[in-house]
Amino acid sequence: MSADVVGDKPLSGGASGVLCALISAALFAFFASFLPQITAGETVRLAWDWVPSLGIALSFLIDGLSLTFALLISGIGALVFLYANTYLAGYLHFDRFMMFLMSFMLAMLGLVLADNLIALFVFWELTTITSYLLIGFGHETKNGRRSALQALFVTGAGALALLAGLILIGTVAGSFEISEILAQGDVLRDSPLYIPILILVLAGAFTKSAQFPFHFWLPNAMAAPTPVSAFLHSATMVKAGVYLMARLYPGLSGTEAWIWTLTIAGDFTTVFASILALKQTDLKQTLAYTTLMALGTLTLILGQAGGYAMTAFVTFLITHSLYKASLFLMIGCVDYGTGTREANILGGLAKAMPITALAAGLAALSMAGLPPFVGFIAKELAYAGSLEVPSNVYLVAGAALAANALMFAVAGIVAFKPFWRPAQMETPRSPKEARWPMLAGPVILAVLGLIFGLAPGLIQESLINPTVNGLMGSASDPRELKLWAGFNVPLYLSLATFGLGFVLYVVHPRLRGALTASDAILPNFDRGWDRFLEGLKGLAAWQTRVIQPGVLRHYIFATFVVVLAAIGGSLILKEVFPGLPDFSTFAWQNFALIALMVAGSILTAATRSSITAMVALGVVGIGVAILFIVFSAPDVAITQLMVETLVVVLVAVALLRLPSLRLQGVPNWRPLDALLAVGVGTSVTVVLLAVLDTPLDLSLTSFYETASWTEAFGRNIVNVILVDFRALDTFGEIAVVVIAALSAYALLRTTNDPDPDHPGETPEGDAR
Amino acid sequence: MNSIILRAGTRYLAGVLLLFSIYMLIRGHNEPGGGFIGGLIGSTGFVLYAIACSVGEARAALRNVPPQNIAMAGLGIALLAGLGAALAGDALFTGQWYFINETEDDKGIPLSTVLIFDIGVYLVVFGSILSLVFAMEEEI
C-alpha cells in the first residue's frame, strides 16, 4: 500500500475514530448544559470519598474556569478526533492511537474539573503519561523516542515538585479540597511555608506549561502526529500549568514573589519564544514556538492583578486555543496535501487548497490581533491590563508589544505566504485539498474566532464573567469585551503592533539568516539536556564501578562494616553496657554444646579446604538446632535442622566447582576479616545481653496461649500464628519465597551456555 | 554420585521422607510440624533422590511437573484459602472451620481453610527449594 497517494487513503480510520469523536461531542453537549447555571453565578460540585482516612476525595467542581477549559477540551477534542480519523486512516496502530488520545482527553477533563489536590495530581500525571505515549507514537524513530522521554522527564520531575507543593498546601490549609482551601483567604499567603509552596507549585506549572528555562521539551514534542500537537501541545495539555496557576490564583497570588516570578518568567518566555518562532522554517515548529509565546503571555498576565488583566487572561485563553488548534490542523492539511511543511518550499497553494487557505487566513488574522477578530479584543485587553501592573509597566507592556508584533509577522509567514505568494519549487506531492472531516476542524475553529470577535457577548456572560469573578473573588471586576473602546493607549499600542509587525514580516528572511547564525553562540537548552543526561549516565556508571566492583567479599565486608557501625555505634552512644547473666543454673550439657559450636566456628575460619569449612559450618548449625530442642522449641529446631541440611547440600553443589580458598595474587585480608568478625560478634552479644536485661513482656505470649485453642482450634501456637493469626504475613512471606526462587532460577538458567552435553565446560571465571 | 547403596537406600528413604512430611503437615496445628517444616522435609526427600540418582530421574519422579509451577500453585492455593473467608463475610484470611460429626464433648473431624492455607505453604516451600536445587545441580 502506498501512503504517498492521497486518493488511495480511506476517508475513515475505523469505528474507534468515529466513536471517539461522538463521545467527545456528547461530552461537549453535556458540559454546555451547565452554561445557564454558571452564567447565573452558581457552581456545581460532585464528590465521592476515595481515601477518607487521608482526606482524599474524588470531587469535581464546575465553575467558570473549569467549564471554560472543559468546553475547550471536549469541543476541540471532538474536532481533532474527526480530523485524526481521516488524517491517520490506514496507519498501523490506529486504534491504539485513538485509545491514547481518548485517555488523554478524559485525564485532562479530570484535571480541570478536580476539586481535590490529590485527585488533581493523579489526573495531572495521567496527562503526562498519555502525552508521553502520544509523542512517542512514532517510536520507530530515535528522535521520537528521545522527544517522548524528554517530555516525560521534564514534566515528570516538575510533577514530583508539584506533589510536594500540593501536600504542603493541604497541610497548611488543613484540607485537600481546593474550594475549601481557597475559601480560607490568606491562610496560604500568611503561612511561613508560603515560599516553599510557591516554588514547588510553580516548578510543576512551569515545566508543564514549558516556561523558560523548561521550554525546550515543547518544540521537540512536535514529533507527535499533527492532531496530537494541535490538541495536547497547543490547545489543552500545555495549558494545564497555566490552569493550575489560575486555579490557585486566589490563594497564592498578589505577593511580591508571585508577581515578580511570573512576570519575569512570562516576560522572558514570551519574547524569547517569539524571536525563535521567526527562525524556524518548518511551519509546525514555528507554531510550536508561538505556542510557547502564548503560554508565556498567559503566565505574564497571571502575574498581574486587576480586572483588565484577568478578563484578558480568559479571553486570550479561549482565543489562543481556537486559532492555534485551527492553525495546527491547517498545517496538517498542507502536509497531507503537499507532503511538506517547509516554509521555503511552499507557495501558491490558495488555488489548489482554497478552503484550507480560507481557514488559515481567518485563524491567522485572529492570531495577528486584527479587528474584528476576537484576537484583537484579547490583545486590547492585555494591553489595558499591562498598563495597570503592580510590577513594571515598561517591562510588561514592552514585552507584550514585542511579542504581538512578532506574532503578526509569524501569522503572515504561516498562513499568508504558503498560500498567496507565487508557487516556488515543486512540492513532493501535487497540492490537493483535504477531505471534509479534516477541513471541518480548522474552519469551525477559525470561524468561531471571527464570530466571538463580532459578538463578544456570546462568551462574556457565560464564560468570561464567571471565571473572572472566581479568580478575583468579586463580581465587579470583569471588563467588557468590545471591538471599539475609543481612542486610548491600548489602541495606539495596537497600531504600533501592526506597524512593527508588518516591518518584521517584510524583513524576516534576513532576520532568519541572522538568527540562524547566532544559534552557534547562544546557549542551547536542548543540547544542554543531552549533556545533562550524559553526565547522569556517567555518574551512574562511576558509582556502580565504585560501589559494585563485582567481588563478593567486598560486598560482604562492606555489609558487615555497616552493621558494625550501626549497632556498635549506637551501643556506645547510648552507653549500653549490660552485665553478664547468672551461669550457675546452666546445665553442663549446654556448655558442651557451646564448646562444640565454638570449635565448629574456629574450624570454619581456619581451614583451607572448602569441604571442611562447609561441614564445620554445618556442625555449628546442628548445634544451634540442638540448642532449640534443649530450650523446648521443637518447631524452630526442626526447621533449623532442615534448612541446615539443605544449605549444606546447596553449598556443596556449588563449592565442589569452586577453586581452593587460597587464591593466588589476592592480598591477605584475613587479619582484617578477623577483626571485623570479632567486632560484629561482640556487638551482637552485647545486644543479646541487653535484651536479657530488660524484663520480658509476656502479655502477647499469654494471649496466644489462651486464644490459640479457643479461637483458632490449635494447640501448636507457632503454627497457629503462622496460618491463622498472622496468615496475611505468612502469605507475604511465601510470595517472597516464590519470587526469590523464580529469580534465582532465572539467573541460574541465563548465566551459562545451555549446553546439556558439556555441563563441565563453564569457564572458571564465571563460577567465582 | 555413583553409589549403589545410596541409590538403593534412597528409593525407600525418599518415599518415607515424603510420607513423613505429609504427616508433619497435617499434625502441625496441634503438634510440632506444619507447612513450612513439611515442605522442607518433603523437598529433602527429592533432593536426596536427585543427588543419589540424577536430577532427570528426580524430575521424572515429579511426573516432569516443573517445581516452580508447584510453588506458584501453592501460592495460588494459599490465596484461595484466604479468599474463602469472603464467602462467610469475614475479613481476608480469617480461618473457616467445619466440624464433621461434632458432639457435645468431641469436635469430631475438623476441616478448615487453615489446613488448605498450610498445604499452600507446603507446596511453596517444596517447589521453591526443588526449583533452586534442581537448577543448581543441572547448571553447575
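Trainee: How many residues of chain B are in contact with chain A?
Mentor: This is a predicted model. Contact here requires C-beta atoms within 7 Å. On the chain A side, 38 residues take part. On the chain B side, the number is 41.

Trainee: Which element gives the largest share of that side of chain B?
Mentor: Look at the elements that give two or more residues to it. They are α2 (35-52), α4 (67-83) and α5 (113-139) of chain B. The largest share is 15 residues, and it comes from α5(B).

Trainee: What is the make-up of that side by class?
Mentor: Sort the residues of chain B that touch chain A into three classes. Charged residues number 4 and polar ones 11. The nonpolar residues number 26.

Trainee: In what order do the elements of chain B run?
Mentor: Chain B has 5 helices and 2 strands. Start at the N terminus and read on. The order is α-α-α-α-β-β-α.

Trainee: What part of chain B is buried?
Mentor: A residue is buried if 20 or more other C-beta atoms lie within 10 Å of its own. Chain B has 140 residues. The buried part is 44%.

Trainee: Now chain A. Are α25(A) and α26(A) roughly parallel or roughly antiparallel?
Mentor: Take helix α25 (residues 588-606) and helix α26 (residues 610-630) of chain A. Their axes come within 8 Å and cross at roughly 160°. Angles over 145 degrees count as roughly antiparallel. Therefore α25(A) and α26(A) are roughly antiparallel.

Trainee: How many charged residues are in the contact of α25(A) with α26(A)?
Mentor: From α25(A), the contact includes Leu593(A) and Gly600(A). From α26(A), it includes Ala616(A) and Gly623(A). By class there are 12 nonpolar and 6 polar residues. The charged count is zero: there are no charged residues.

Trainee: Which helix gives the most to the largest nonpolar core?
Mentor: That core has 199 residues. Among those with the most contacts inside it are Leu101(A), Phe313(A) and Ala364(A). One helix of chain A, residues 307-338, gives 20 residues. That helix is α16.

Trainee: Which residues is Phe313(A) in contact with, leaving aside neighbours within four places in sequence?
Mentor: Phe313(A) is one of the core residues with the most contacts inside the core. Set its sequence neighbours within four places aside. What remains is Ala246(A), Leu298(A), Ile301(A) and Leu302(A).

Trainee: How many residues does the second core have?
Mentor: This core is separate. It includes Ile51(B), Val114(B), Leu132(B) and Phe134(B). Its residues number 54.

How values were computed
Residues are numbered from 1 along each chain as its sequence is written. Chains are lettered from A and ligands numbered from 1 in the order in which they are written. This is a predicted model: local features need pLDDT of at least 70, side-chain atom pairs count only at pLDDT 80 or more; totals for chains, interfaces and linings use all residues. Two residues are in contact if their C-beta atoms, placed from the backbone, lie within 7 Å. Helices (H or I, at least four residues) and strands (E, at least two) are DSSP runs, numbered from the N terminus. Ala, Val, Leu, Ile, Met, Phe, Trp, Tyr, Cys and Pro count as nonpolar, Asp, Glu, Lys and Arg as charged, and the others, Gly among them, as polar. Axes are lines fitted to C-alpha atoms, for helices over the stretch in contact, and angles run from 0 to 180 degrees between N-to-C directions. Angles under 35 degrees count as roughly parallel, over 145 as roughly antiparallel, 65 to 115 as roughly perpendicular and the rest as oblique. A nonpolar core is a set of buried Ala, Val, Leu, Ile, Met, Phe, Trp, Tyr and Cys residues joined through C-beta atoms within 7 Å. A residue is buried if 20 or more other C-beta atoms lie within 10 Å of its own, exposed if 12 or fewer, and partly exposed in between; C-beta atoms are placed from the backbone.
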